[in-house]
Amino acid sequence: MLKGKHIILGISGGIAAYKSVYLLRLLIKAGAEVQVVITPSGKEFITPVTLSALSGKPVISEFFTANTGEWHSHVDLGLWADAMIIAPATASTIAKMANGVADNMLITTYLSAKAHVFVAPAMDLDMFAHPTTQRNIDMLRSYGNHIIEPTSGELASHLVGKGRMAEPESIVAQLEDFFKKGEDLKDKHVLITAGPTYEKIDPVRFIGNYSTGKMGYALAEEVANRGAKVTLVSGPVSIKAKHPSISVISIESAREMHDQCIRQFPLSDIAIMCAAVADYAPENTATKKIKREKDEIPVIKLVKNPDIAASLGQIKTESQKLIGFALETNNEIVNAQDKLKRKNLDAIVLNSLQDKGAGFGTDTNKISIFFANGNRQDFPLKAKTEVAKDIIDAILK
Ligand code: CTP
């Protein structure tokens, strides 16, 4: 998978830098073209001569080559790369990455990189466990970077704990896995609904719900990372899609979401209905703001919204897959299985509001997936980005 891939290997100043030599060797052996970028303190641990001999390219560290004045373009480098790996990533480099402190070539290259970035932290156990480091790592993760978890064991300080950089073989395996997954949904079109719907009462009020769209957007990013073209029909949310293969169609009401989905579904191989769609809408929308009356309490008559998932279930062809979600508060399994059948879905993802950390607004979710063939898969509480991976893995299987 790594043959011919352009990889930037960023090395910062930690004792684990010696492992980067092995990492570089493995990448070259696997057929990758590697450009090493090292921080000034990285050079205290490992010499550029070793790295350039192995990579077959001059190592970049400074913005300019002192004797020739040649400028090293971090922008060109960022565009050239298919992936960037920062190994080891020290606490300081992680902090600079998280906050955009562009005071060395490694950070400017990171900020210019269009490709996926893999970060392999390496530091003493207390530095790693410190809330500041953990917050910075969470920030990097939230920007779409891949964190290669350090392992536990004896550290340079002779203390024992979590902070050892992952072994070069494991880093290469994760990179290969990433490139392999990028082919999973190549040439496929995936339709995803996300977020809430707003059903207008008057120009200033609506009926809505607490959905933030995080799960649907995480699914869209995951599917796009695996090579698919994604149409994301989204209700009003404050988050943005990042991947260039995601086209967002913004809607407000369930009716608008329905009409867009009916249009897009025939072009799609897979549809994932993640939106929290309002079941009812006001029969009439007042054109002017409804005023407070002295004696009368206004009554808003509701009418049923179309069931989008069920409509797609009716027109689904043999080759298409339709996945639904069920957010339940009670009788979860019975309700989810009922929806699976009633809407003619191929699978339904159940999350229960009874589980702490699951459902609307949170960054985590705890799911079970029920398949039309009677199979069931349960998962522990995880970050929504990880849940998205589990869902797509399960669907592909
Ligand atoms: N759904 C939909 N259109 C609707 C309502 C729901 O497409 N009008 C989809 C959701 O996106 C989800 C699945 O159907 O994938 C189940 O949604 P849910 O709100 O749990 O089910 P409902 O059918 O609305 O049932 P209830 O509200 O009674 O639980």
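Biologist: Is Lys343 buried or exposed in this model?

Modeller: This is a predicted model. Lys343 is buried, with a relative accessible area of 16%. The cut-off for buried is under 20%, so Lys343 falls in that class.

Biologist: Which side chain meets Lys343 in a salt bridge?

Modeller: General idea: side chains of opposite charge can pair when their charged atoms come close. Here the partner is Asp307, at 2.9 Å from N to O. Lys343 sits in the loop between helix 12 (332-342) and strand 17 (347-352), and Asp307 in the loop between strand 15 (302-304) and helix 11 (308-315), so the bridge ties together parts 36 residues apart in sequence. Asp307 is partly exposed, at 29%.

Biologist: Which residues are joined into one network by salt bridges that share partners?

Modeller: Lys181, Asp184, Glu222, Arg226 and Asp393.

Biologist: How many salt bridges are there?

Modeller: The count is 23. One of them pairs Lys43 with Glu62, at 3.0 Å from N to O. Lys43 is in the loop between strand 2 (33-38) and helix 2 (48-55), and Glu62 in the loop between helix 2 and helix 3 (74-80), so this pair links parts 19 residues apart in sequence. Lys43 is partly exposed at 31% relative accessibility. Glu62 is partly exposed at 37%.

Biologist: Where do Arg141 and Asp138 lie?

Modeller: Both are in helix 7 (residues 131-142), three residues apart, about one turn of the helix. They form a salt bridge, with the closest N and O atoms 3.3 Å apart. Arg141 is partly exposed at 32%, and Asp138 is partly exposed at 44%.

Methods: Residues are numbered from 1 along each chain as its sequence is written. This is a predicted model: local features need pLDDT of at least 70, side-chain atom pairs count only at pLDDT 80 or more; totals for chains, interfaces and linings use all residues. Side-chain values use heavy atoms; hydrogens and water are left out. A salt bridge is a side-chain nitrogen of Lys or Arg within 4 Å of a carboxyl oxygen of Asp or Glu. Helices (H or I, at least four residues) and strands (E, at least two) are DSSP runs, numbered from the N terminus. Buried means under 20% relative accessible area, exposed over 50%, partly exposed in between (1.4 Å probe, protein chains only).
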